[in-house]
Amino acid sequence: HGATDSQLALLAEVQSRVEKATEETACRDAEDASRPEKLRIPSWSKLEGDEIMEEALALFNKKDYPGAREAIYRARDAFARVGSHIVREREPVVGNLYSLITREEERQAHIRKLAKLKKIKQLKEQQKKAKGPEGGSIMDML
């Protein structure tokens, strides 16, 4: 069972935002290089956060949801090291991916539960058939 169209669209949007944020950070790094040292924005950490978000997306695509969630936490920490303004700037992207991971984990848990219920039903049907037409088990007939 693959992701729904809406999930794929959301994933594409998140990936696009991460790529855009990474490009913006690279441009700001070039601008920061010309500033005096004490005026520079610590963008290396922001770039680190963007790279970690790309890692989170890759893990999500590999269906490694716990790994993707852990990467999101690391990205949030990296953004927080830069400042609250970056945390606010990146939160829509981070939040969307976090939400997507949560929904996919819930969907996978539901699928596992359904598979388990199906297996139980099959076992009960096999037991019913094994008892034979008179309700007794095949062993009783022997």
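The following exchange concerns a predicted model of a protein chain.

Reader: How many helices and how many strands does the protein chain have, and which pattern does it follow along the sequence?

Author: The predicted model holds five helices and zero strands. Read from the start of the sequence, the chain therefore gives a pattern of helices, with strands counted at zero. That pattern is α-α-α-α-α.

Reader: What percentage of the residues in the protein chain is buried?

Author: A residue is buried when its relative accessible area is under 20%. The protein chain has 142 residues, and the buried share of them is 28%.

Reader: How is the pair of tyrosine 73 and tyrosine 98 classed: stacked, edge-to-face or tilted?

Author: A search of the whole structure yields two aromatic pairs. In the pair of tyrosine 73 and tyrosine 98, the ring centres are 6.2 Å apart and the planes stand at 50°. Planes under 30 degrees apart would count as stacked and those over 60 as edge-to-face. The angle of 50° fits neither class, so the pair is tilted.

Reader: Which helices does this pair of tyrosine 73 and tyrosine 98 link, and how many residues apart are the two?

Author: Tyrosine 73 belongs to helix 3 (residues 65-82), whereas tyrosine 98 belongs to helix 4 (residues 84-131). The pair thus links distant parts of the chain, helix 3 and helix 4, and the separation of the two tyrosines is 25 residues.

Reader: Are tyrosine 73 and tyrosine 98 buried, partly exposed or exposed?

Author: The limits that matter here are 20% for buried and 50% for exposed. Tyrosine 73 has a relative accessibility of 39%, and tyrosine 98 has a relative accessible area of 27%. Both values lie between the limits, so tyrosine 73 and tyrosine 98 are each partly exposed.

Reader: Which arginines lie over the face of tyrosine 98, and at what distances from the ring centre?

Author: For a charge to sit over a ring, CZ of Arg has to be within 6 Å of the ring centre. Arginine 69 lies over the face of tyrosine 98 at 4.8 Å. Arginine 76 also lies over the face of tyrosine 98, and its distance from the ring centre is 5.4 Å.

Reader: Which residue meets arginine 76 in a salt bridge, and which helices hold the two partners?

Author: Arginine 76 is partly exposed, at 27% relative accessibility. Its side chain meets that of glutamate 91 in a salt bridge of 3.0 Å, N to O. Because glutamate 91 lies in helix 4 and arginine 76 in helix 3, the pair ties together parts that are 15 residues apart in sequence. Glutamate 91 is the partner, and the helices are helix 4 and helix 3.

Reader: How many residues apart in sequence are the parts tied together by glutamate 48 and arginine 81?

Author: The count of salt bridges comes to eight, and one of them joins the side chains of glutamate 48 and arginine 81 at 2.8 Å, N to O. Glutamate 48 lies in helix 2 and arginine 81 in helix 3, so this pair ties together parts with a sequence separation of 33 residues.

Reader: Which residues are joined with Arg90 into one network of salt bridges?

Author: Arginine 90 is buried, with a relative accessible area of 5%. Its salt bridge with glutamate 89 has its closest N and O atoms 2.1 Å apart. Aspartate 50, in helix 2 (residues 43-61), makes a polar contact of 2.8 Å between its side chain and that of arginine 90. Through shared partners, the salt bridges join Arg90 into one network with Asp50 and Glu89.

Reader: Is aspartate 50 buried or exposed?

Author: The relative accessibility of aspartate 50 is 2%. Because this value is under 20%, aspartate 50 counts as buried.

Reader: What separates the C-alpha atoms of leucine 97 and glutamine 15?

Author: Leucine 97 is placed in helix 4 and counts as buried, at 0% relative accessibility. Glutamine 15 is 82 residues apart from leucine 97 along the chain, and the separation of their C-alpha atoms is 9.0 Å.

Reader: Which residues make the nonpolar surface patch of about 250 Å²?

Author: One member, leucine 114, lies in helix 4 and counts as partly exposed at 44% relative accessibility. The patch of about 250 Å² is made by Leu114, Leu117 and Ile120.

Conventions:
Residues are numbered from 1 along each chain as its sequence is written. This is a predicted model: local features need pLDDT of at least 70, side-chain atom pairs count only at pLDDT 80 or more; totals for chains, interfaces and linings use all residues. Side-chain values use heavy atoms; hydrogens and water are left out. Rings of Phe, Tyr and Trp (its six-membered ring) pair if their centres lie within 6.5 Å; planes under 30 degrees apart count as stacked, over 60 as edge-to-face and the rest as tilted. Helices (H or I, at least four residues) and strands (E, at least two) are DSSP runs, numbered from the N terminus. Buried means under 20% relative accessible area, exposed over 50%, partly exposed in between (1.4 Å probe, protein chains only). A charge sits over a ring if NZ of Lys or CZ of Arg is within 6 Å of the ring centre and within 35 degrees of the ring normal. Patches are made of residues with over 30% relative accessible area and no salt bridge: like charges are joined within 9 Å, nonpolar side chains (Val, Leu, Ile, Met, Phe, Trp, Tyr) within 5 Å. Accessible areas come from the Shrake-Rupley method with a 1.4 Å probe; for residues, only the protein chains shown count as cover. A salt bridge is a side-chain nitrogen of Lys or Arg within 4 Å of a carboxyl oxygen of Asp or Glu. A polar contact is a pair of N or O atoms within 3.5 Å; within protein, one must be able to donate a hydrogen and the other to accept it, and residues adjacent in sequence count only if both atoms are side-chain atoms.
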